[in-house]
Amino acid sequence: MPDTATVSSESEFSGHAHVAAPPPAGVDVRHDWSLSEVRALYELPLLDLVHKAQTVHRAVFVDNKVQLCSLLSIKTGGCPEDCSYCPQAARYKTGVKAEKLMAVPDVLDAASKARAAGATRFCMGAAWREVKDGPQFDSVLEMVRGVRALGMEACATLGMLSESQAKRLREAGLSAYNHNLDTSPEHYGDIISTRTYEDRLRTLNRVRDAGISVCCGGIIGMGESVDDRCNLLRTLANQEHHPESVPINALVAVEGTPLQEQQRVETVDMVRTIATARILMPQSMVRLSAGRQQMNDEAQLLCMMAGANSLFFGEKLLTTGNPEYTQDMALLEKAGIRPLEPRQEG
Ligand code: SF4
């Protein structure tokens, strides 16, 4: 086990993803937050909020480490869903072409590169509404086995899953499954109409029941109210088990999508959302995800102070030596922040 202090404070994962280690003394892990309580946190004076979040963060995660997450799109574009923020939806004219599922050796080659660049978790994303049994799913299972054989955590995001598919992914060694709630239950209908909030919760339960870690968060900047933001966080925190990873995304408004005119999220809003997530879900990895590239170094560091301990690199980790990658690594080094080693899972 690479890092006892950090690993012991994360949710243990040995076939039962939801067996969380007890929180350190003084850290409150709750599942019964009211909207007014969450909103009271979210609206604290910024530095009080960050201080509170940092206090929780320090009690649980005792070192200066961040998880570096890489994502490879293994099947791009052509998605039948209508998520208003997504350039991969076939119905929006965004210039993203529908591609076939990548070949297994190409995916594993990319995973090796990501590992060499410091990624500890390799996430594979397919623009599907749901997984269909057959040769494509069999290839995904092979990819999962291959990534695990490289010593990395394997994560996938493939759309909705059946119970048996979740079990097969677990048997192949899948460490985590990403399926976001995106926004509050109240705002959801304005963003997606082709599947329900309930569909999402059902998939999350199947993932959890199969013993796979849950990676679930949302996106801010999609025209939601402060109550919507707080209700998203509240829905995540009031699940029976907190997601092990909570990606917090800032909308990147893409031309051709219905949300193309949305203004960029202010840094302060990102910091408030991350800090509130940290306080509500003290033991989760809170991930600074989409929108990070649009932030300067100081804004990113403030997000880390607020409790973000996982960074989403997208496909950047697949091409070491590119200027953005070098700049990211330099920022971590300047701040004395080190990459977290992968967890050793059963
Ligand atoms: S399901 Fe995923 S790939 Fe498809 S439109 Fe929604 S976010 Fe995009």
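Which residue of β12 does V66 stand opposite? In this predicted model, V66 stands opposite P339 in β12, and that pairing is a convenient entry point to the strand β3 and its partners.

**Overall composition**

The protein chain has twelve helices and twelve strands, and of its 346 residues 47% count as buried. Among the contacts in the protein chain with a separation of 6 or more, 80% are accounted for by residues 24 or more positions apart.

**Strand β3 and its partners**

Strand β3 covers residues 65–75, and because ten of its eleven residues are buried, β3 is largely enclosed by the rest of the structure. The table lists strands that pair with β3 in the parallel sense, together with one residue pair for each.

| Partner of β3 | Residues of the partner | Bridges | Sense | Opposite residues |
|---|---|---|---|---|
| β12 | 338–339 | two bridges | parallel | V66 and P339 |
| β11 | 310–312 | three bridges | parallel | C69 and F312 |
| β4 | 121–126 | six bridges | parallel | L71 and C123 |

The pairing with β4 also belongs to a wider arrangement, in that β3, helix α4 (residues 104–116) and β4 make a right-handed β-α-β unit.

**Helix α11**

Helix α11 spans residues 297–305, and its buried residues are Q300, L302, C303 and M304. An α-helix has 3.6 residues a turn, so residues three or four places apart point the same way. After α11 comes G307, whose phi is positive, near 120°.

**Strand β7 and V214**

Strand β7, residues 213–215, contains V214. Is V214 buried or exposed? The residue counts as buried because 25 other C-beta atoms lie within 10 Å of V214, where the cut-off for that class is 20 or more. The C-alpha atom of V214 is separated by 6.5 Å from that of S245, although these two residues are 31 residues apart along the chain.

**The ligand shell**

Which residues surround the ligand? The shell consists of C79, E81, C83, C86, Q88, A89, A127 and G159. By class, the residues of this shell divide into five nonpolar, two polar and one charged.

Terms used. Residues numbered from 1 in each chain as written. Predicted model: local features only at pLDDT ≥ 70, side-chain atom pairs only at ≥ 80, totals over all residues. Buried ≥ 20, exposed ≤ 12 C-beta atoms within 10 Å, placed from the backbone. Helix = DSSP H or I, 4+ residues; strand = E, 2+ residues; numbered from the N terminus. Near = placed C-beta within 6 Å. Nonpolar A, V, L, I, M, F, W, Y, C, P; charged D, E, K, R; others polar. Contact = placed C-beta atoms within 7 Å. Pairing = 2+ DSSP bridges. Right-handed = clockwise from strand over helix to strand, strands pointing away.
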